[in-house]
Amino acid sequence: YVVTFDTQGGQPMAAMTNLAAGTDVELPGAERDGYYFMGWNTLANGFGTSFDEGDTYTVPVDGATLYAVWTREVTITFDGQDGNYMNEWTQFSGNMFWTPYAPERAGYTFIEWNTSKLGTGTGYAEETQEIVPGENTVYYAIWEDNDGIGITTENQAPNGGDGNDDGMPDSQQADVASFVNQVTGNPITLSATSEDGPCYLTGVSVAHANSLGNDPAYVYPYGLLDFVVECGDPGFTATITQYFYE
């Protein structure tokens, strides 16, 4: 019978041939640039029976294929995206790790850790055990910015979810809100800035002029934008910018 060695990306190895069932053989090691050899396994995913280099292996009837199991040092980073958490760990791929606790950020609600800044990648809950990935990975804190516009809606804003084109997702900014204008059917973005403190938008919506009372001297083809903004202590001054698309 034949015992075949599948190195799964490592340097190829010759099979052991002409073996009788029940014969004991010594298992070799394997090499792969940038990886640590963890041993052999009867399953390619590493969840079968494991053997170390130098172990005695009894040849089964009909032979077998053994699969190399590898690990490597990878860096996993947790980016709080302006929350009170930022950390970087070095771990071995395939091991287990715990995701951090939910960070805090004024004016926001923590949703999850995600492999995408927009929250469109793979999501992970706080304080759960996960498998260390096979490559360097950044996990981003995903926030609900409490402006009343859902993450999915804001991620559909122009510029890939960045309606005011400031380089940050609107869904992750409490001072920016993007959604579809109910009057025109086109995207609209609202931003608020202030030198008196950080701004928080709530209650953002667009209404038809005729729903707010009579104003016959004016026409409002884009509707009227309604919102509440807080930017520090009462008496603050804020700059409001409205972006109308199409």
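**Overall form, sheet and surface of the predicted model**

Among contacts in the protein between residues at least 6 apart in sequence, 61% join residues at least 24 apart. The model is predicted. Its secondary structure comprises 2 helices and 18 strands.

The overall dimensions were computed from the C-alpha atoms. These atoms fill a box of roughly 100 × 35 × 25 Å along the principal axes. The radius of gyration is 29 Å, whereas a compact globule of 246 residues would have a value near 18 Å. Of the 246 residues, 36% count as buried. The accessible surface of the protein comes to about 13,500 Å². Carbon and sulfur atoms account for 47% of that surface.

One open sheet is formed by 4 strands, in the order β1-β6-β3-β4. The pairing in this sheet is mixed. Strands β1 (3-6) and β4 (50-51) lie at the edges, and each pairs on one side only. Strands of a sheet pair through backbone hydrogen bonds, in either a parallel or an antiparallel sense. For β3 and β4 the sense is antiparallel, over 2 bridges. Asn 41 stands opposite Ser 50 of β4.

Strand β3 covers residues 36-41 and includes Met 38. Met 38 also contributes to a nonpolar patch on the surface, together with Tyr 36 and Phe 92. The accessible area of the three residues together is about 300 Å². Met 38 has a relative accessible area of 46% and is therefore partly exposed, since this class lies between the 20% limit for buried and the 50% limit for exposed.

The structure holds 1 salt bridge. Asp 82 and Arg 105 form this salt bridge, and their closest N and O atoms are 3.6 Å apart. The pair links distant parts of the chain, the two residues being 23 residues apart. Asp 82 lies in the loop between β7 (73-79) and β8 (86-92). Arg 105 lies in the loop between β9 (96-98) and β10 (109-114). The two partners fall into separate accessibility classes. Asp 82 counts as exposed because its relative accessibility is 56%, over the 50% cut-off. Arg 105 is buried because its relative accessible area is 13%, under the 20% cut-off. The salt bridge thus joins an exposed Asp 82 to a buried Arg 105.

Note on methods:
Residues numbered from 1 in each chain as written. Predicted model: local features only at pLDDT ≥ 70, side-chain atom pairs only at ≥ 80, totals over all residues. Heavy atoms only, no water. Patch = residues over 30% accessible without salt bridge, like charges linked within 9 Å, V, L, I, M, F, W, Y side chains within 5 Å. Areas by Shrake-Rupley, 256 points an atom, 1.4 Å probe, with all protein chains shown as cover. Salt bridge = Lys/Arg side-chain N within 4 Å of Asp/Glu carboxyl O. Buried < 20%, exposed > 50% of the residue type's maximum accessible area, 1.4 Å probe, protein only. Pairing = 2+ DSSP bridges. Rg over C-alpha atoms; globule rule 2.2 N^0.38 Å. Contact = heavy atoms within 4.5 Å.
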